[in-house]
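The exercises below are meant to be worked with the sequence and the structure open side by side. Each one sets a task and then goes through a solution step by step.

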Amino acid sequence: MIAASEPHTAAAGVRLLRRGGNAVDAIVAAKLAATVTELPLTSLGGGGACIWGNARDGYEVLDFFGTAPGLGLTTWPILDFAPITVDFGETSQVFHIGKGAAAVPGELVGLLALHRRAGRLPLREVVAPAVAWARDGFCVSPQIAMIAGLIAPIASHSPTVRRLFLPADRLPRAGDHLANPELGDFLQGLADGSPDAQVSTYRSSLVEHFGPAHGGLISEQDVAAYAPLTRAPLRVPFGPFTVLTNPPPSAGGGLIGAGLRIAEELGLGGEEFLSRTHQLAIAAVLATVSEVRRAGYDHRLHADPEAIRQLVAGGRLPRWSSHARALCSENSLGATTHISVIDAEGMAAAMTTSNGEGCGHALPGLGIHLNNFLGEDDINPAGFHRLAAGSHMSTMMSPTIVLAGDRPLLALGSGGSNRIRSAILQTLLNVLTYRRPLDEAVNASRQHIEGRQLWFESAGLAAGAAEALQALWPGATRFDSASMFFGGVNCVASTDGHLDGAGDQRRGGIVLFADDRGDAGLPA
């Protein structure tokens, strides 16, 4: 079973499962397809993280997020780095784009490394769905059309990116046919020849077009030094379960773990779901998680990662977590996307990736839009271009697996920038503490808190719950219907041999089961 945010993405994974592939084959195929069909959200010029494993072989995290560029540079170039305003309707936000906003991307080499490490089908089968949709075109989903509209100033910023988003001199609409034949040819090259040769071509293009001579910072040393990192998952005991998630230097996993610890200390679970008491209890947990982050948490991700592991290992929260620091900025879009898979043999995989909002420039001839990770406030809390060259950047991405004993019970994750931690934490509590059915757990109303600001969805809440939240948080932002602001959790579950799944309707979530129907009903 696979849960994703777009029909083609899910279909690519299902096709690999039906051909005898395992969860890693499926999730790599699905993510390659997403680089074609979810082009505003993910790209081979972006990065991400994946957690995978099974009871027999254990569980690992592959970190292929971006690194700070600039290795070997003796002088600082004049950067192509400028603010651009994105209008979200209710609000607007400034991002920074340009070639100087691009971090060293890890998604291409990360997906290849993951497949080599744990996949079992030939690479040509894994890339085939993405190649077909890139070359022949695909039907644009309403969700992708909407997001492309939000980033219109970025999608039209340069000729190389306009070719991807505006081939008919307008933004794609739901139902339009969109193709990326250059990317299709590049992906086919991974299957036909040597993947290493294609990676070399890709890296040369990065240096040629995003190096100091063109307003960027990516050097030959950067691309030569980049490698995805295999890490032990962050382990969070929670009642009879063990929650495995993304460890430092990523930020989200530790904050989710802190939230679970807080929920245990508060004794959550007896409240009527979506009642006034339940909503106030969840707000208390999220507010405390926000305080933890403000207490020097981001600094410890790099300087003292062991402190984060101790934070979630059990017992009371450490003293350092009670002292507040400056807030991090909010990213209203959260241009991330998530896929979860459990296969018939008990392997689980969860992968979250992002391209930021994109930097507004693509690699000529390859059809790959580069990230703008260096231009996002929320993952550069110390300021832009302050991280040492070669350092792995932090991210809120938190692909997560929940174990019952040593077997995967849940695989989940979410898009949504800073709201990722809140979305995953609330879904975990909904399933593990409040025992809600999976679809309800994923799609129930959500909250998010940063400092003294609360955002919440009111649909489905019991009488008086919304008013109680607004009384305690007078400046709260209320959403009367479900909003993509609160992330997009895609989750699959395995209970006593029975598979279940839920896609988050906030971001077009879809679940497909790999039965024996061949390819019937899958997107063309």
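**Exercise 1. Aromatic pairs and their surroundings**

Task: Find how many aromatic pairs there are when ring centres must lie within 6.5 Å, and characterise the pair made by Phe479 and Phe486.

Solution. With this cut-off, the count in this predicted model comes to eight aromatic pairs. For Phe479 and Phe486 the centres are 5.0 Å apart and the planes stand at 80° to each other; since planes over 60 degrees apart count as edge-to-face, the pair is edge-to-face. The next step is to ask how far these two residues are covered, for which buried means under 20% relative accessible area. Phe479 has a relative accessibility of 10% and therefore counts as buried, and Phe486, with a relative accessible area of 1%, is buried as well. Finally, the two belong to a cluster in which ring pairs link Trp455, Phe479, Phe485 and Phe486. One of these rings, that of Phe485, also has the charged end of Arg419 over it, 4.1 Å from its centre. Elsewhere, Lys99 lies over the face of Phe210, at 5.4 Å from the ring centre.

**Exercise 2. Strand E10 and its neighbours**

Task: Decide whether strand E10 (residues 241-245) is enclosed or open to the outside, and identify the strands that pair with E10.

Solution. Begin with burial: five of the five residues of E10 are buried, so the strand is largely enclosed by the rest of the structure. The side chains divide between two directions, with Phe241, Val243 and Thr245 pointing one way and Thr242 and Leu244 the other, and all of them are buried.

Turn next to the pairing. Strand E9 (residues 234-238) runs antiparallel to E10 and is joined to E10 by five bridges, with Arg235 standing opposite Leu244. E9 and E10 form a hairpin with two residues between them, and Gly239 in the turn has a positive phi of about 60°. Strand E15 (residues 400-404) pairs with E10 over four bridges, also in the antiparallel sense, and here Leu403 is the bridge partner of Thr242.

**Exercise 3. The order of the sheet**

Task: Extend the picture to the open sheet of six strands and explain what sets E9 and E21 apart.

Solution. Going outward from E15, strand E16 (residues 407-413) pairs with E15 in the antiparallel sense over five bridges, and Thr400 stands opposite Leu412. The complete order is E9-E10-E15-E16-E20-E21, with antiparallel pairing. E9 and strand E21 (498-503) stand at the edges with a single partner strand each, so one side of each is left without a neighbour in the sheet. Neighbouring strands of this sheet are turned against each other by 20° on average, direction ignored. To complete the view, helix H14 (residues 419-433) lies across E9, E10, E15 and E16, running at about 145° to E16.

**Exercise 4. A strand with two kinds of partner**

Task: Describe how strand E18 (residues 453-457) is covered and in which sense each of its partners E17 and E19 runs.

Solution. E18 is mostly covered, as four of its five residues are buried. Strand E17 (residues 447-450) pairs with E18 in the antiparallel sense over four bridges, with Ile449 opposite Leu454, and the two strands form a hairpin with two residues between them, where Gly451 in the turn has a positive phi of about 60°. Strand E19 (residues 477-479), by contrast, runs parallel to E18 and is joined to E18 by three bridges. In this second pairing Glu457 has Phe479 as its bridge partner, and Phe479 is the residue whose ring pairs with that of Phe486.

**Exercise 5. Backbone details and confidence**

Task: Examine the peptide bond from Pro248 to Pro249, the phi of Asp169 and the confidence over residues 322-332.

Solution. The bond from Pro248 to Pro249 is cis, with omega near 15°, and Pro249 lies in the loop between E10 and helix H11 (252-266). Asp169 has a positive phi, near 65°, although not a glycine, and at 71% relative accessibility Asp169 counts as exposed. As for confidence, the chain averages a pLDDT of 92, and 93% of the residues score at least 70. Over residues 322-332, however, pLDDT stays under 50. Where pLDDT is low, predicted coordinates should not be read in detail.

Definitions and conventions:
Residues numbered from 1 in each chain as written. Heavy atoms only, no water. Phe/Tyr/Trp six-rings, centres within 6.5 Å; stacked < 30°, edge-to-face > 60°. Buried < 20%, exposed > 50% of the residue type's maximum accessible area, 1.4 Å probe, protein only. Lys NZ or Arg CZ within 6 Å of the ring centre and 35° of its normal. Pairing = 2+ DSSP bridges. Axes fitted to C-alpha atoms, helices over the stretch in contact; angles between N-to-C directions. Contact = heavy atoms within 4.5 Å. pLDDT = per-residue confidence, 0-100.
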